[in-house]
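Work through the following exercises with the sequence and the structure open beside you. Try each task before reading its solution.

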Amino acid sequence: MKHRSLFTGFLSMVLAALVLAGCANQMEPAKKAIADIEAAISAAGADASQYIPDQLQAVTGQLADLKAKFDQKDYKGVLAAAPALLTQAQGLAGAASSAKQAAEEAARAAALEALNAEWASLSGALPAQVAAIQSRVDILSKSKKLPANLDQATFDSVQAGLTEAKGLWDQANAAQASGNVEAAVAAARQVKEKADAAMAALGMTAG
Amino acid sequence: MEESNTPPGGTTPAGENPYTQWYEVQPGDTLWKIAKEHYGDGNLYTEIFKANQDTLSDPDKIKVGQKLRIP
């Protein structure tokens, strides 16, 4: 009877030791699995939080659950769930990169659309504005005496500005024809600036 | 003698340059006087007359309140 009791006690101790050893055997792989997931999340970088915040939050939420399991010494549970979560975490970097690229393309498209709209507006208005200035300059050039509100130096400056504006307008059209809408708009803005200045100097109202 | 780019009726007619300058005739105005004021040379009144031939048939007959193009 005493021998049986001793044997049972010994068996219990062996079993407990085996369970503990088993747990200890799973703890390190579980720890490594969590570290691998953290490294994958980290590799996704700031782009993940900027471009795929929901996806990132889903992964970090699951990682928090995994860590809770680890703290509860549920290493088996950690190891069971870790591979799927690691796959998700490893996908973050690619998803963030794709989302970033898509956002940048959308921004470029929006900028191009804005430039095209500005070009449409400027190219619709500038020829008429320059023509109105040219008409006034042509008439004033025939005048024996300039009007009271315009001195010769200002008139000379208006004529020079008009010549520059026409040259810039040619450049703008050439840029537009070659598909460079950015350069076209930049040149057209300068034309507008010079045309507005010329109209103001001549006492004309631009609108 | 202030110019504006507001055409008669306030709306730019179709085919009209939106930057056309307009002047509203005041009591005592003549085309010569208007030209003298805007161009410095009254003899250039013909430019104003030519630009307003759709409403002017005689350069000596302008009406107070009439809006004239000042090219």
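The exercises below concern a predicted model, and each task is followed by a worked solution.

**Exercise 1. Describe the secondary structure of chain A and state what share of its residues is buried.**

Begin by listing the elements: chain A has five helices and zero strands, and reading along its sequence gives the pattern α-α-α-α-α. Then turn to burial, where 23% of the 207 residues of chain A count as buried. Finally, look at the contacts in chain A between residues at least 6 apart in sequence, of which 75% join residues at least 24 apart.

**Exercise 2. Determine how α3(A) and α4(A) are oriented to each other, and which residues meet between them.**

Recall that two packed helices are described by the angle between their axes and the distance between the axes. For helix α3 (residues 75–142) and helix α4 (residues 152–177) of chain A, the axes come within 11 Å and cross at roughly 150°. Angles over 145 degrees count as roughly antiparallel, and α3(A) and α4(A) are therefore roughly antiparallel to each other. The crossing of these two helices is left-handed. On the α3(A) side the meeting residues include A:W119, A:L126 and A:I133, while on the α4(A) side they include A:F155, A:L162 and A:W169. The residues of this contact divide into eleven nonpolar, three polar and one charged.

**Exercise 3. Locate the largest nonpolar core and follow one of its residues outward.**

The largest nonpolar core has 21 residues, and among those with the most contacts inside it are A:L126, A:I133, A:W169 and A:V191. The elements that give two or more residues to this core are α3, α4 and α5 (181–201) of chain A, and α5(A) gives the most, with eight residues. Taking A:I133 as the example, and leaving aside its neighbours within four places in sequence, one finds it in contact with A:L162, A:A195, A:A198, A:M199 and A:L202. A second, separate core of 20 residues includes A:A33, A:A40, A:L85 and A:A96.

**Exercise 4. Examine where chain B touches chain A, and what covers α1(B).**

Start with the totals: 16 residues of chain B are in contact with 19 residues of chain A. Helix α1(B) gives the most to the side of chain B that touches chain A, with three residues, and that side divides into five nonpolar, seven polar and four charged residues. Next, consider burial in helix α1 (residues 31–39) of chain B, whose buried residues are B:L31, B:I34, B:A35, B:K36, B:H38 and B:Y39. Their cover includes α3 of chain A together with β1 (22–24) and α2 (45–51) of chain B. Just after α1(B), B:G40 takes a positive phi of about 85°.

Key:
Residues numbered from 1 in each chain as written. Chains lettered and ligands numbered in written order. Predicted model: local features only at pLDDT ≥ 70, side-chain atom pairs only at ≥ 80, totals over all residues. Axes fitted to C-alpha atoms, helices over the stretch in contact; angles between N-to-C directions. Helix = DSSP H or I, 4+ residues; strand = E, 2+ residues; numbered from the N terminus. Parallel < 35°, antiparallel > 145°, perpendicular 65-115°, else oblique. Left-handed = near helix turned anticlockwise from the far one by under 90°. Contact = placed C-beta atoms within 7 Å. Nonpolar A, V, L, I, M, F, W, Y, C, P; charged D, E, K, R; others polar. Buried ≥ 20, exposed ≤ 12 C-beta atoms within 10 Å, placed from the backbone. Core = buried A, V, L, I, M, F, W, Y, C linked by C-beta atoms within 7 Å.
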